[in-house]
Structures are given as structure tokens and as C-alpha cells.
Amino acid sequence: MNQKANRWFFLWRHLNKLRWVVLSLVFTMLVALPFVYVYQTYVAAHAYDLLAPDEKRLYDLVETLTAPLTDDPAEDLDAIKGNTWSGTFWGLQLTDPLAVVGQMAAALEVWWPLVLTALIPVLLTVLFGRFYCGWICPATFLYELNTNLAVWLRRLGLRTGRRRFDRRIKYLVLGLGLVLSAATGAVLVAAIYPPAIIGREIFYAVALGGFGAGSVFFVITLLFDLLVARRGFCRYLCPGGALYSLLGRYRLLRIQRIVENCNDCAKCNAVCEFGLDPLRDGFGQECNNCTACMAVCPTEAMTFRIRFRDQPDQGPGHLGRLYRKQQGGGREAA
Amino acid sequence: MNENVKKAKRRTSQKARRRFLRSVLYGAGAVGVALLGYLPVAGQWITRLRPPGALHEEKFLAACIKCGQCVQVCPVEAIRLADLDEGFGVGVPYIDARAQACDFSCDGLQCVLACPTGALTHEVNYPHQVDMGVARVVNEAQCLAVQGKGFRGQARGADFTGKLRYAEVDRWNPIPVRDHPYDLDLCDLCVRQCPIEIRIAECAAGKPPSGDERQCPPQHAIKLEPIDDTGRKRPVILDGCVGCGVCEMICPVEPAVIVMDSSESRASSKGLRA
């Protein structure tokens, strides 16, 4: 066997777990923030002496838990504000590039302070591609759970959506969204962009009571994914995904296939949430480096490469039957 | 043979084209349906009180990215986010003054500081520079002061959850209005609780908020004007009014004698880049 060494694969194959940890953390943050807010305003509005006994107990509990970290939890918890759409983290303001582009389109003006807050995300996207979609996006957390649900439903013998559409639709959605934003003078993309909706809706539901239209929209996208097309919204419709894909087209860090190690098992294609074709080196600009294909690869045939373009199709994997047949056929002809 | 290959090729390209067209159709359909939901309200904006520092409505809607950070920093939970009933304005912040007005208890205009987009313009530094709207006296006949009546008890009843900051109770933290009952010979709640008037009084006493002279409002916002010599008075809105809505919130009469009018609000607000 002329298998190629893949030195760090033992690390790469666990990145998918790390990704889930990150996704869970981001989502937990979005859920925790409104509770923190409620706690802060409640403590602020009620003198300690006037609290009911059980309220005092809760207050004391939080105080004890946070004592090693901070003197005044109500104040220091302010370190994180906002959501993944736009937020402040220890004084550093970060904004989703789509928010900036959307605002530029709606106002037909450039507001530099906001543009600057998107600088870090844009830089990271240029380097790492559409990583936001796989590693950060709070909607991804729910969408991937939704995919798992679909798998369970199929095991029960139910039929879930397996349609495929053209992946270029989302660029149309992005373009159309921006044109309509400019025409109507409101940042429309924010109304159809799940991560923006989720942050807003969770906060609203917890802190102020009640869900809005955004939740309805999000549930519809979940049903679309479940009943029509697997991960359909992200694959075919998400304007943010489109923008990130374009930004990450010439990303530096890429997952690539080592053809010598590949046995054509196609698990990578089956697991790819974005419907890409790792088996035939079809990563393209829409790969979000989520590393799911690395996690399932049984022959250590996936690795990270630093290069601006994907490898062209390398043909069937050298451990696979097809390659051997080709080779055998070649020998016969010779 | 060659013909067959050509035909097959044509067939596959035709198939691909059909699939593409179908996809486009679905996509356009989805977007269209989504837009349809917005259309009924597209034309008629609901004029609502926007948070302090908000740009002129058109600019404001264009600048706001609906991130909700202003909501997260408001200590009295005055700022809410609009839902689909505002059409394209879905997700933009507003203030329902009757339920919870902005009483500037954060002092530093936290929502303005939190706004990443300048939709709440950073030009505004002090409460008296805010220009959210103007208070209007709408049903003067109902006003307790006009009738010469006093007021005793909780301003908005026991179930009202709104908060105000009473400097004499707690300089830093707002408390529920129902925890602070009043006993007045002549109802002057709108003047008494006006954040601008409170600041003017503090400055006159030589104790400006945070010890900062610049916090002192230059103009009065509201006063009670004697109607006749029977001691009856009527509320009059003055030039210093910033439209914060506290008078509307605190008014014990149902419906409120004073309401906020934001249609002329932010007339003096500058553009996005100003």
C-alpha cells in the first residue's frame, strides 16, 4: 500500500467535536444573555432588603457563583452584549458583514464605524472561507440538529425531503435582497437571515415575553429543510451564506482529499451538510471547513492544505476498486 | 453514433437547464411569497417613538440593522422591537411610552452608546439633546389639574409594571412606579416626573447630574399654567420637550391626557453621517 502519511489527522478528525462545542457555546450565550439582562434589571430595580426570601436565595446563589470572577456581577456581565448579528465583546464590536452590506444598500451611504466592526469577520472569512456557517452561526446549531432529526425520522420509515435545487439561487437571493433593500430603504436582509432572527427572537422571548414573526419564519425554514431539501435554506437560499461564499472563494485554508488514501467510500459526500462533492474534489467556494467529512473519513484521506484554489479532480481513490480496475485495464492495454 | 452522443448531450443540457429554471422559479416564488407578507404594510409607516438619538425616520430605517443591542442595555426595558405588523420595519426598536417611557435613568444614553450603526446618532450626548418627539396635550378636560383635583395612591394602579428612577429613593436604580405612591393636593405628576424638569431643578440647586454642568438642560420642557384664580392649572408643553414620554406614562388619567407625537420628531436630526 502506498498510503500517504497524514500526520495531523488524529487531530483533524476531532475538530468536528470542537465545532459542536463552539456552536453550543455560541447558542448558550444567546440563550443566557437575556436571562442575564433580566437578572440585572431585576436586581437593579429591587433593593436587596425588599426581596422575597426565595428571591434572596437566588440572588445569593448568583453572588456566590460569580464571587471568584467579579465583584459586581450585574455590572461585569455587561462584557457581552448583542448577538452574532452584531455584538460587543469586552469592548470589541463585531458585526456580520451582511449587516454592513445590507445597511450600505439600504442607506446608499457608507457608515465607516460600522464597516470597521465587520473588518475582523471579513478578514477571517477571506482566510478560512465560509467558516461562520459551520462554526458560529446559531442557526446552524438548530439546522444540524434538524438534519439529525431527519435521519431519525427516516429510520422510523418516514420520508424526509431530498430534493436538490440549484445552489446559485442564494446568490440571487442576496442580490435581490440588496436591490430590494435599496429600493425600500430598510435593511431587508435582516428579516430573512436566520442568525440575525434567532439572536433577536431568543432575547425577545426570554426578556420581554413572546415570539415574533421571525420565529415563524425560522420554523418555516426548519420545515423546509425537513420536508423539502436537506439543509435547504443554507444550501439554496441564505443570503449570508452567499456573501460568505463569495468572500471565501479564494480562502487560504482548504480541506482537500488525498487521492492516494481515498477508497471511494463516499461517506464524505453523504455527511456534507452543504451538498458538496468532496469525493470528486468538489469543494468549491461553498465549503465551510466544518470538518464533518474529516470526522467520517475511514482512511485518513482528508487534510488541510494552504492554497488559493482547490485541487482539480484527481480521479478515483487509489484504495478503491475503480482505480484498481483502471490501473489493471491500463496494464492490459500496455 | 456521433448523432446519438450529440442528442444525449443535448438532452442532459436540457435537463440541467430545466432544473435550473425550476430552481429559479422556486426561489423567486419563495422570495415573492415572503415579500407578499410585507407588502400590505409597506406603504404606511406607523409613526412610533424611536429610542433617543434616532435619525429621521427614513434614515433610521435604512441605518438600523435590527441587532437589538439598544434593547439589551436599557435599564428600564423601555425599548421594544417591532414585529411584522410594521412591515419592513420588522425588528426595529421603538418605545411604547404609555407602557414604559424612557426616563433617562441610565444617564449616559446607553442605547446610543450601544448602537453599532449610528442609527441612534452618536451626536447626542445628553438627555436634553434628544429629539424623539413632542408631547401633546390631547384631552385637557380630563386632566386632574385642570379639574383642580389632587392625586393620591399609585399613579397607574397596582398592576402597572413600568419603572421610574426616583433620585430621592435610589440615585442609581429605577424602581417600579407602583412602589412609589403619591399624595398630591394638585396633580402635577407630568411636571414632577419630567426628566428634563428634574435635571433643571437639580442644576438650580447647584447639584447637576453626575456633577456635570453640561447635563443641565437649557430650556424648560413642561409647566402647569394657572387657568384662573381658583387654583386650577393646565399642562403646557414647552420647547425643551424631548419626547421621552414620561408624562404620558405617569399620567393617572385613562386614557392619558398627554401623548407623544413622533410625526414631527427628529425634524432637527441630522443625516446618517452628520
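## Exercises on a predicted two-chain model

**Exercise 1.** Which residues is I80(A) in contact with, once its neighbours within four places in sequence are left aside?

*Solution.* With those sequence neighbours set aside, I80(A) touches M29(A), L33(A), T88(A), F89(A) and W90(A) in this predicted model. As a second step, place the residue in its element: I80(A) belongs to strand β1 of chain A, which spans residues 80-82. Finally, consider a C-alpha separation for the same residue: I80(A) and L92(A) are twelve residues apart along the chain, and their C-alpha atoms are separated by 9.3 Å.

**Exercise 2.** Describe how helix α10 of chain A packs with helix α14 of chain A, and state which residues make the contact.

*Solution.* Begin with the geometry: α10(A), residues 169-184, and α14(A), residues 239-247, pack at an angle of about 105 degrees, and their axes lie 8 Å apart. Angles of 65 to 115 degrees count as roughly perpendicular, so α10(A) and α14(A) are roughly perpendicular to each other. Next come the participants: α10(A) contributes K170(A), Y171(A), V173(A) and L174(A), while α14(A) contributes P239(A), G241(A), A242(A), L243(A), S245(A) and L246(A). Sorted by character, the residues of this contact comprise seven nonpolar, two polar and one charged.

**Exercise 3.** Carry out the corresponding analysis for helix α5 of chain A and α14(A), giving the crossing angle, the contact residues and their character.

*Solution.* The axes of α5(A), which covers residues 97-107, and of α14(A) come within 9 Å and cross at roughly 105 degrees. The two helices, α5(A) and α14(A), are therefore roughly perpendicular to each other. On the α5(A) side the contact is made by P97(A), L98(A) and V101(A), and on the α14(A) side by P239(A), G240(A), L243(A), Y244(A) and L247(A). These contact residues of α5(A) and α14(A) divide into seven nonpolar, one polar and no charged.

**Exercise 4.** How many residues does each chain give to the contact between chain B and chain A, and how many salt bridges does the rule find across the interface?

*Solution.* Chain B supplies 43 residues and chain A supplies 49. Between them the chains bury about 4000 Å², of which 60% falls on carbon and sulfur atoms. The rule finds one salt bridge across the interface, and K59(B) forms a salt bridge with E109(A), in which the closest N and O atoms are 2.9 Å apart.

**Exercise 5.** Where in chain A do the partners of the salt bridge between R254(A) and D310(A) lie?

*Solution.* Start from the total, since the structure holds 19 salt bridges over all chains. In the pair formed by R254(A) and D310(A), the closest N and O atoms are 3.0 Å apart. R254(A) sits in strand β4, residues 253-257, whereas D310(A) sits in the loop between β5 (302-306) and α17 (321-333), so that the pair, 56 residues apart, links distant parts of the chain.

**Exercise 6.** Examine the backbone at P255(B) and at D281(A), and locate each residue.

*Solution.* For chain B, the bond joining E254(B) and P255(B) is a cis peptide bond with omega of about -10 degrees, and P255(B) is found in the loop between α7 (246-250) and β10 (258-261). For chain A, D281(A) has a positive phi of about 60 degrees although it is not a glycine, and D281(A) lies in the loop between α15 (267-271) and α16 (292-296).

Conventions:
Residues are numbered from 1 along each chain as its sequence is written. Chains are lettered from A and ligands numbered from 1 in the order in which they are written. This is a predicted model: local features need pLDDT of at least 70, side-chain atom pairs count only at pLDDT 80 or more; totals for chains, interfaces and linings use all residues. Side-chain values use heavy atoms; hydrogens and water are left out. Axes are lines fitted to C-alpha atoms, for helices over the stretch in contact, and angles run from 0 to 180 degrees between N-to-C directions. Helices (H or I, at least four residues) and strands (E, at least two) are DSSP runs, numbered from the N terminus. Angles under 35 degrees count as roughly parallel, over 145 as roughly antiparallel, 65 to 115 as roughly perpendicular and the rest as oblique. Contact means heavy atoms within 4.5 Å. Ala, Val, Leu, Ile, Met, Phe, Trp, Tyr, Cys and Pro count as nonpolar, Asp, Glu, Lys and Arg as charged, and the others, Gly among them, as polar. Buried area is the accessible area (1.4 Å probe) that two parts lose on being put together, summed over both. A salt bridge is a side-chain nitrogen of Lys or Arg within 4 Å of a carboxyl oxygen of Asp or Glu.
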